[in-house]
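Open the model in your viewer and keep the selection panel at hand. The stops below say what to select next and what is there.

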Amino acid sequence: MSDEELRPAWSQAFTTGSLQWLTAAGPLALFTPEWAWGGSTGEGVRVAVIDSGIEHDHPILNNAVRGGVVVEYDEQAEYSHRIEPDPEPQDVSGHGTACAGIIHSIAPEAELYSVRVLGKDMRGRGIQFAAGLDWTVDNGMQVVNMSLSTSKQEYFALLHELADDAYFKNMVLVSAVNNIPAPSYPSLYSSVISVAAHEGKDPFTFYYNPSPPVEFGAPGIDLRVAWNNKQYITSTGNSFAAPHITGIVALIRAKHPELTPFQIKTVLWACATNTHR
């Protein structure tokens, strides 16, 4: 079998042999990267990272982290979880710091907030994930990065309701798709921007897939990313593709605050590298 045939399903749409070329016609052709985010730094946009936490004083983040919360599972609590303030967030695994570092490298003046729902083993309960997403809705986040998911059907409706609530409140949710070819939530919801990895390294080279549910492909293979204890590692995964799109969304949001999530997704489609004008 060829290398492309051996690739997981999530990345096949963005390989050389499978990539589809699209055409933006009429007014949509006016949506260029320069129009969409040229000159933007993400200033003033509040971006939540739902993950394993963020190492707030990692040098790559340059004081961009403004605080956050920790969501703990607690079966004695009213809703089986409790939320504690986390004014100087820490990361229990490194994964959230990697995602935050990518976002910051693209949108350096965006305000980052840590929503820790995962433990040291990168595992957490669906109720923690849902509570973290609910917190972002209640606390006025404008863009949310979710480089995690659940495949448990029991959380489908709850997460769908929260994703719709965020959408109707003008929040943009960006989600990595599963690293294996299996359904996971919330990346399958149409109110969410779903992202998988491609092999490129240019942070502004991203592709649109006209055959969803995976919509966008961004760099995520063999990337050097920030990690715990002020360190860096080289890693691969859709987890690191999603924050590239999150960073670009933050740029668009800062420059065009009037755009709705639906319009922002349209702008991303028009500005994708595989869209001709």
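## First stop: a buried leucine

Select L162: at 10% relative accessibility, this residue counts as buried. Buried means under 20% relative accessible area, exposed over 50%, and partly exposed in between, with a 1.4 Å probe and protein chains only. L162 sits in helix α6, residues 156–168. Helices (H or I, at least four residues) and strands (E, at least two) are DSSP runs, numbered from the N terminus. Now add G96 and draw a C-alpha to C-alpha distance: L162 and G96 are 21 Å apart in space and 66 residues apart in sequence.

This is a predicted model, in which local features need pLDDT of at least 70 and side-chain atom pairs count only at pLDDT 80 or more, while totals for chains, interfaces and linings use all residues. Residues are numbered from 1 along each chain as its sequence is written, and side-chain values use heavy atoms, with hydrogens and water left out.

## Zoom out: the whole chain

Show the cartoon. The chain has eight helices and 13 strands. Along the principal axes, its C-alpha atoms fill a box of roughly 55 × 45 × 40 Å. The radius of gyration is 17 Å, which agrees with the value near 19 Å for a compact globule of 277 residues. That radius is taken over C-alpha atoms, and the globule rule is 2.2 Å times the number of residues to the power 0.38. Colour by accessibility next: buried residues make up 55% of the 277.

## The open sheet

Select the strands β4-β3-β5-β2-β6-β7-β8-β10-β9, in that order: they form an open sheet of nine strands with mixed pairing. Its edge strands are β4 (81–85) and β9, and each pairs on one side only. Two strands pair if DSSP finds at least two bridges between them. Strands of a sheet pair through backbone hydrogen bonds, either parallel or antiparallel.

Which way do β8 and β10 run, parallel or antiparallel? Strand β8 (residues 192–198) runs parallel to β10, and four bridges join them. Centre on A196 to find G217 of β10 opposite.

## The β11–β12 hairpin

Move to β11 and β12. They form a hairpin with three residues between them. The two strands run antiparallel and are joined by five bridges. A226 stands opposite Y232 in β12. In the turn, pick N229, which has a positive phi of about 60°.

## Salt bridges

How many salt bridges does a search of the whole structure find? It finds six. A salt bridge is a side-chain nitrogen of Lys or Arg within 4 Å of a carboxyl oxygen of Asp or Glu.

Start with D57 and K230, whose closest N and O atoms are 3.3 Å apart. This pair links distant parts of the chain, 173 residues apart: D57 is in the loop between β2 (46–51) and β3 (65–73), and K230 is in the loop between β11 (223–227) and β12 (231–235). D57 is partly exposed at 38% relative accessibility. K230 is partly exposed at 38% too. Add E55 to the selection: E55, D57 and K230 are linked in a network of salt bridges.

Next, select R66 and E111, which meet in a salt bridge of 3.6 Å, N to O. R66 is in strand β3 and E111 in strand β5 (residues 111–116), so the bridge ties together parts 45 residues apart in sequence. R66 is partly exposed, at 46% relative accessibility. E111 is buried, at 18%.

Then take K265 and E215, with 3.0 Å from N to O. K265 lies in helix α8 (residues 261–271) and E215 in the loop between β9 (207–208) and β10 (216–219), so this pair ties together parts 50 residues apart in sequence. Both K265 and E215 are buried.

## Helix α8

Stay with α8. Why is this helix largely enclosed by the rest of the structure? Eight of its 11 residues are buried, so α8 is largely enclosed. Among them are P261, I264, W269 and C271.

## Last stop: the largest pocket

Select L118, M122, G124, S149 and T150: of the 23 residues lining the largest pocket, these lie nearest its centre. A pocket here is an open set of points on a 1 Å grid over the protein atoms alone, where a 1.4 Å probe fits, with protein on both sides within 12 Å along at least five of seven lines; lining residues have an atom within 4 Å of a point. The largest pocket holds about 640 Å³ of space. Helices α5 (126–138) and α7 (238–255) each supply at least two lining residues. By class, the lining has seven nonpolar, 12 polar and four charged residues.

Definitions and conventions:
Grid points are joined across faces, edges and corners, and a volume is the space filled by probe spheres set on the points. Ala, Val, Leu, Ile, Met, Phe, Trp, Tyr, Cys and Pro count as nonpolar, Asp, Glu, Lys and Arg as charged, and the others, Gly among them, as polar.
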